[in-house]
Amino acid sequence: YYFYTAPKDYRESITFAVIGDTRTGDERFVSDHKATIESVRHYTLPLFLIHLGDMIDNTKTEPWQEFFIIESSLLKNCSFFPVRGLSDGTSEQFVERFLKPGTCSWYSFSYGPVYCIILDIPSDKTTDYYIRKIGPESEQYRWLNKQLHSEERKNHPCTIVAFFSPLYSPSGKSDKYLLSLLPPLFNSNNVDLVLNGSDHCLSYAQYGNVSFLISGGGGAASQHSRKKKPAHVILTEYFFHHLQISIRFPTMYIHAIDNQGTIFFAHEIHYQPEKWNTGENIETSDITRITVYGSEKCKECIELKESILPRILDKYKDHNIEAKFIDIDIQDNFDCYQALELKFGNKKHTFPTLHIGLELLSGNDLTNKNIEMMVKKNIRQKRNLSEIKLLFPKKCVLLLIVLFITLFLALVFVYHKRSVR
């Protein structure tokens, strides 16, 4: 069994998965839960998994044992971050059952570029319950507000909040108090994505700059709703599925994948440079690095190494490009390549494979046109990063000048007013 640690540089790519509402314990849902986990393993191969709650059916005996038996093939190589659902026991039982950051049923963690805030908000409760649980005077709300303004969060360009109770439910069971409280809070604090469970479907809504996704297709039977689509809800689909979320600076790519491997929903979230306080952590380099993974025994690999790449390097010799060949017949090199596949969330590559920037190219995608296109794209990205790094000092200097002029004019005004008196 093995795990991979998170990248230190938030510009490195990561891929993780999200599922919800597996409801293990009810025999009707076991086969679909198993199929969803196999789909996650085959199509996404995530670095970590967020489960949005209702992991088990608490009306059955020993559901947790069966839950972990089904999930074990995935969790032996994948960190697990749970959300407490309505059927997952009490907050105290949740804290006892899972090893996670902190000692409460809500917690936060960071992984590479992403900062995740996990809240404990079950569905189908009264307004009084929600006021006590997440209202402005509650312990959880004060903790949430602290997380949104924490220094650690500021060091990660992407913020995700996850909890069980759906805010924009296609079934119409969204609580009005939560709707009045949380979406404005998330929007004003530049949260990128909110994930909810409870409804057995995939549903997408948008409030301001915040995307809201319900993902409850982990195995429990679909719950089709014939009610009128609520405000802000853009799309609802009823498939067993998981979310594949890939963060490749500066964009988050979200794919909803059914258990046959079909992507039936895609969404992108782009980060804005204004969300970062400084440009000090942005390390730029004008070097474009190309790495070829292949075998000395492979004709295509040798042709790429000795013919195709030299032509491209010569064509773009003014752009500081470096290229190297990694022999995957050496075990250590092959292990490094497998780690690279895991980071990019894709096990389907053949050799030769070309790694450039945030992309892996192989098989039918490995054409002269695609290689050249990726070289151009990488050169543009590095140029843009350099411009962002220079942008922040200029803004700071300009802001200081404006503040100084404003202060000077204010002092002149006060002095003049006193002189008149």
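Start your selection at P352, which sits in the loop between α9 (331-344) and β16 (353-356). Helices and strands here are DSSP runs numbered from the N terminus, with H or I over at least four residues for a helix and E over at least two for a strand. Before going on, note that this is a predicted model, in which local features need pLDDT of at least 70, side-chain atom pairs count only at pLDDT 80 or more, and totals for chains, interfaces and linings use all residues. Residues are numbered from 1 along each chain as its sequence is written, and side-chain values use heavy atoms, leaving out hydrogens and water.

**Unusual backbone**

Stay at P352 and add F351: a cis peptide bond joins the two, with omega about 5°. Now jump to F249 and P250, where the peptide bond is also cis, with omega near 0°. P250 is in the loop between β11 and β12 (251-258). Most peptide bonds are trans, and most residues other than glycine have a negative phi.

With phi in mind, select L45, in the loop between α1 and β2. L45 is not a glycine, yet its phi is positive, about 50°. Then select D124, in the loop between β5 (114-118) and α4 (127-134). D124 has a positive phi of about 60° and is not a glycine either. D124 counts as exposed, at 52% relative accessibility; the cut-offs are under 20% relative accessible area for buried, over 50% for exposed, and partly exposed in between, using a 1.4 Å probe and protein chains only.

**Two buried strand residues**

Select V292 in strand β14 (residues 288-294). Is V292 buried or exposed? V292 is buried, because its relative accessible area is 1%. Show its surroundings next: leaving aside neighbours within four places in sequence, V292 is in contact (heavy atoms within 4.5 Å) with L304, L309, K324, F325, I326, P352, T353 and L354. That list brings back P352 from the first stop. For a distance label, try the C-alpha atoms of V292 and I328, which are 9.7 Å apart and 36 residues apart along the chain.

Now pick Q244 in strand β11 (residues 241-248). Q244 counts as buried at 11% relative accessibility. Draw a C-alpha to C-alpha line from Q244 to V40: 8.1 Å in space, with their positions 204 residues apart in sequence.

**Helix α2**

Select residues 63-75, the 13 residues of helix α2. Where does α2 bend? Look at I69, where the bend is about 35°, taken as the angle between axes fitted to the seven residues ending there and the seven starting there. The expected span is 1.5 Å times one less than the number of residues, so α2 should span 18 Å, and its end C-alpha atoms, 17 Å apart, agree with that.

Color the buried residues of α2: P63, W64, F67, I70, E71, L74 and L75. Then reveal what covers them, including β1 (14-19), α1 (27-43), β2 (48-51), β3 (79-82) and α3 (91-97).

**Salt bridges**

Here a salt bridge is a side-chain nitrogen of Lys or Arg within 4 Å of a carboxyl oxygen of Asp or Glu. By this rule the count is 7. Good ones to show as sticks:

- E38 and R41, 3.2 Å from N to O. They are 3 residues apart in helix α1, so about one helical turn separates them. E38 is partly exposed at 39%, and R41 is partly exposed at 31%.
- K305 and E296, 3.3 Å from N to O. K305 counts as partly exposed at 32%, and E296 counts as partly exposed at 41%.
- E372 and K315, 2.5 Å from N to O. This pair links distant parts of the chain, with E372 in helix α10 and K315 in helix α8 (residues 299-315), 57 residues apart. E372 is buried at 18%, whereas K315 is exposed at 55%.
- R84, D120 and K133, which are linked in a network of salt bridges.

**Last stop: a nonpolar patch**

Finish at L409 in helix α10 (residues 368-420). L409 counts as exposed, because its relative accessibility is 52%. Extend the selection to I401, F404, I405, F408 and V412, which with L409 make a nonpolar surface patch of about 610 Å². Such a patch joins nonpolar side chains (Val, Leu, Ile, Met, Phe, Trp, Tyr) within 5 Å, from residues with over 30% relative accessible area and no salt bridge; like charges are joined within 9 Å. Areas come from the Shrake-Rupley method with a 1.4 Å probe, and for residues only the protein chains shown count as cover.
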